[in-house]
Amino acid sequence: MTRILMVCLGNICRSPLAHGILESKLNSSEFYVDSAGTAAYHVGHQPDRRSIKIAKNNGIDISHQMARQFKVSDFDNFDFIYAMDSSNYTNIVSLARNNSDIEKVKLFLEENPNIFNKNVPDPYYGDMSDFEHVFDLIEATSLIIARRFLP
Ligand code: 4NP
């Protein structure tokens, strides 16, 4: 089983989308995908209604997800840890215990050579068009990641 964790700040806007989108492209018997936030503001909450809506419009149900905070044991439980932006990356790496922990952490958009700005923008204070942009970035990049895992 390959285990992949998507991480943003609140775990209600970006990482739930990355979680749901990548999960939809991989075989669940071989891949486990989860998400978490570096902050605890929204622990126990459903994803933001705008993330739920943009996912649903594209055939993906993320409404059952529940926000949780990133924890040190995630370094043991996941093979790949993808940060949505450089601030999330710094926050995750600050909890690393050794080089092996740090090596698991990568900026999600580093996987997409077509995107110059490697930060998935935080849409929380934005509108539906910001969520659409985030969806498109994550969809294109998840396709690249999923293709790499295909036989
Ligand atoms: P996310 O977006 O990190 O993509 O889940 C945010 C959600 C909540 C807040 C900030 C960003 N907040 O400040 O509550």
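Which residues surround the ligand?

## The shell around the ligand

In this predicted model, the ligand is surrounded by residues from several stretches of the chain, and these can be listed in the order of their numbers: Cys8, Leu9, Gly10, Asn11, Ile12, Cys13 and Arg14, then Tyr41 and His42, and finally Asp122, Tyr124 and Tyr125. When the residues of this shell are sorted by chemical character, seven count as nonpolar, three as polar and two as charged. The space that the ligand takes up is the largest pocket.

## Polar atoms facing the ligand

Some members of the shell place a nitrogen or oxygen atom beside an oxygen atom of the ligand, and the backbone of Gly10 is one of them, with an N or O atom at 2.8 Å from a ligand oxygen. In the case of His42, an N or O atom of the side chain is found 2.9 Å from an oxygen atom of the ligand, while for Asp122 a polar side-chain atom lies at 3.4 Å from a ligand oxygen. Taken on its own, the ligand has 360 Å² of accessible area, and the protein covers 92% of that area.

## Aromatic pairs

Aromatic rings also meet one another in this model, and the structure holds seven aromatic pairs. For Phe70 and Phe75, the ring centres are 5.2 Å apart and the planes stand at 80°, and because planes over 60 degrees apart count as edge-to-face, this pair is described in that way. Both Phe70 and Phe75 are buried.

A further aromatic pair is formed by Tyr124 and Tyr125, with 4.9 Å from centre to centre and 75° between the planes, and this pair is likewise edge-to-face. These two residues also belong to the shell around the ligand. How far is each of them covered by the protein, and is Tyr125 buried or exposed? Tyr125 has a relative accessible area of 78% and is therefore exposed, whereas Tyr124, with a relative accessibility of 30%, counts as partly exposed.

## An aromatic cluster

Aromatic residues can also be grouped beyond single pairs, as one cluster in this structure shows: Phe31, Phe80, Tyr82, Phe108 and Phe149 together form one aromatic cluster.

Technical notes:
Residues are numbered from 1 along each chain as its sequence is written. This is a predicted model: local features need pLDDT of at least 70, side-chain atom pairs count only at pLDDT 80 or more; totals for chains, interfaces and linings use all residues. Side-chain values use heavy atoms; hydrogens and water are left out. A residue is near a molecule or strand if one of its heavy atoms lies within 4 Å of it. A polar contact is a pair of N or O atoms within 3.5 Å; within protein, one must be able to donate a hydrogen and the other to accept it, and residues adjacent in sequence count only if both atoms are side-chain atoms. Accessible areas come from the Shrake-Rupley method with a 1.4 Å probe; for residues, only the protein chains shown count as cover. On a 1 Å grid over the protein atoms alone, a cavity is a set of points where a 1.4 Å probe fits but cannot get out, and a pocket is an open set with protein on both sides within 12 Å along at least five of seven lines; lining residues have an atom within 4 Å of a point. A molecule sits in a cavity or pocket if more than half of its atoms lie within 2 Å of its grid points. Ala, Val, Leu, Ile, Met, Phe, Trp, Tyr, Cys and Pro count as nonpolar, Asp, Glu, Lys and Arg as charged, and the others, Gly among them, as polar. Rings of Phe, Tyr and Trp (its six-membered ring) pair if their centres lie within 6.5 Å; planes under 30 degrees apart count as stacked, over 60 as edge-to-face and the rest as tilted. Buried means under 20% relative accessible area, exposed over 50%, partly exposed in between (1.4 Å probe, protein chains only).
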